[in-house]
Amino acid sequence: MKGRIVKGIAGFYYVRTAQGIVYQCKARGIFKKEGIVPTVGDEADIEVLEDGDAVINTIFPRKNIFIRPPISNVDCLVLVFAAAQPEPSRSTIDRFLVMTEKNHINAVLCINKLDLLTEERRKKLTDIYSPLYPLVFVSGKTGEGTDELRKLIEGRSAAFAGPSGVGKSTLLNLLIEDATAQTGEISRKTLRGRNTTRHVEIFPLEGGGDLFDTPGFTSFDVLEADEAELQHLYPEMIPYIGKCRYDNCRHLREPGCAVREAVRSGAITKSRYTSYCAQLEEIIEKNKNKY
Ligand SMILES: Nc1nc2c(ncn2[C@@H]2O[C@H](COP(=O)(O)OP(=O)(O)OP(=O)(O)O)[C@@H](O)[C@H]2O)c(=O)[nH]1
Ligand SMILES: [Mg+2]
Ligand SMILES: [Zn+2]
């Protein structure tokens, strides 16, 4: 039988078949030998053995796979941030966006906790991100904006990703009527989340498609990329690539840089350029230590 891995806990994988039945499965030993880690989102072939246990026999080739969060075969990442509590970090937003560009998948930027959003912050985020990615403002408290979000993900394989405590599980429960993802209060002292969601889990969307809930995370490994690649992961920079005085311009301090000129004219926002520079410096530093 074919199915999709919708959850994995303590060595068991839960595979949902086309009929909507979920089987608790073990993975065949061969996967370990071949270094294949069954991942939530995988399409699999399973077999129910005589003793009633089920096993995963085959994992079909993946469209894509992420290590953090550990998910596969997604069409769209919904990057969820809170208007406040926890405070949104633009450099973290940009790192998530770069991750989606690197993997060639669509991103939606979703700002939750509308009740905590100031007019000033709304304007800032809109100015920076609405020309680049679909941007939605929602409320896990009142449900405002969730119809718009639903339209963006319906029929697709979409995954929530973002820091702990921003309201991913709360939104998922709003979007999917009978979902019961666990949610948790944020810490009163630090105003951060408490890592309530511990495992990735897939919930079917009523209008078709799947929605993944994932554990919150904020820190990133340094991007596996060479220096020249990063500029391509900032889509607004692409029109300027090749227009600088030097062919190998990295757009940091080089004279005659078309990207920096675009930052000066306002065609590229300072905020995004700052994220680019910080990420590039990290990559340069990391690659230096490689040799
Ligand atoms: N003020 C406000 N609080 C919200 C809103 N949406 C969700 N919350 C609260 O935010 C807290 C964290 O919500 P969760 O859904 O558990 O957050 P999460 O992103 O799933 O967190 P992790 O599972 O730890 O990654 C809960 O106390 C929610 O009630 C909102 O629109 N406004
Ligand atoms: Mg959660
Ligand atoms: Zn340049």
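Here are some short exercises, each with a worked solution, on a predicted model.

**Exercise 1. Find out into which domains the protein chain is divided, and how far apart the C-alpha centres of domain 2 and domain 3 lie.**

Step 1. Start with the division of the chain: it gives domain 1 (2-62), domain 2 (66-213) and domain 3 (230-290).

Step 2. Now take the pair in the task. The C-alpha centres of domain 2 and domain 3 lie 28 Å apart.

Step 3. Look at the contact between these two domains, which takes eight residues from domain 2 and nine residues from domain 3. On the side of domain 2 that touches domain 3, helix 2 gives the most, with six residues. Sorted by class, that side of domain 2 has three nonpolar, one polar and four charged residues.

**Exercise 2. Check whether the span of helix 2 (residues 90-102) agrees or disagrees with its 13 residues, then see what its buried residues pack against.**

Step 1. Work out the expected span: the rule is 1.5 Å times one less than the number of residues. For the 13 residues of helix 2, this should come to 18 Å.

Step 2. Compare with the model. The end C-alpha atoms of helix 2 are 18 Å apart, so the two values agree.

Step 3. List the buried residues of helix 2: Thr-92, Ile-93, Asp-94, Phe-96, Leu-97, Val-98 and Thr-100.

Step 4. Follow them to their partners. The buried residues of helix 2 pack against strand 8 (76-82), strand 9 (106-112), strand 11 (157-161) and helix 7 (270-290).

**Exercise 3. Decide for Asn-73 and for His-104 whether each is buried or exposed.**

Step 1. Place the two residues. Asn-73 is in the loop between strand 7 and strand 8, while His-104 lies in the loop between helix 2 and strand 9.

Step 2. Note the backbone of each. Asn-73 is not a glycine, yet its phi is positive, about 55 degrees. His-104, also a residue other than glycine, has a positive phi near 55 degrees.

Step 3. Recall the cut-offs: buried needs 20 or more other C-beta atoms within 10 Å, and exposed needs 12 or fewer.

Step 4. Apply them. Asn-73 has 21 C-beta neighbours inside 10 Å, so Asn-73 counts as buried. His-104 has 8 other C-beta atoms within 10 Å, so His-104 is exposed.

**Exercise 4. Locate the largest nonpolar core and explain why it lies between two domains.**

Step 1. Begin with its members: the largest nonpolar core has 50 residues, and those with the most contacts inside it are Val-78, Leu-79, Cys-110, Ala-159 and Phe-212.

Step 2. See which element gives the largest share of this core: strand 8, with six residues.

Step 3. Check the domains. Domain 1 and domain 2 both give residues to this core, so the core lies between them.

Step 4. Another core lies apart from this one; it has 10 residues, among them Leu-230, Tyr-234, Tyr-240 and Ile-268.

**Exercise 5. Describe the shell around ligand 1 by its closest residues and by class.**

Step 1. Count the shell: 25 residues surround ligand 1, and the closest are Gly-140, Gly-167, Ser-169, Thr-197 and Gly-216.

Step 2. Trace the largest share of the shell, three residues, to helix 5 (residues 168-175).

Step 3. Sort by class: the shell has five nonpolar, 15 polar and five charged residues.

Methods: Residues are numbered from 1 along each chain as its sequence is written. Chains are lettered from A and ligands numbered from 1 in the order in which they are written. This is a predicted model: local features need pLDDT of at least 70, side-chain atom pairs count only at pLDDT 80 or more; totals for chains, interfaces and linings use all residues. A residue is near a molecule or strand if its C-beta atom, placed from the backbone, lies within 6 Å of it. Helices (H or I, at least four residues) and strands (E, at least two) are DSSP runs, numbered from the N terminus. Ala, Val, Leu, Ile, Met, Phe, Trp, Tyr, Cys and Pro count as nonpolar, Asp, Glu, Lys and Arg as charged, and the others, Gly among them, as polar. Two residues are in contact if their C-beta atoms, placed from the backbone, lie within 7 Å. A nonpolar core is a set of buried Ala, Val, Leu, Ile, Met, Phe, Trp, Tyr and Cys residues joined through C-beta atoms within 7 Å. Domain bounds come from an automatic or database domain assignment.
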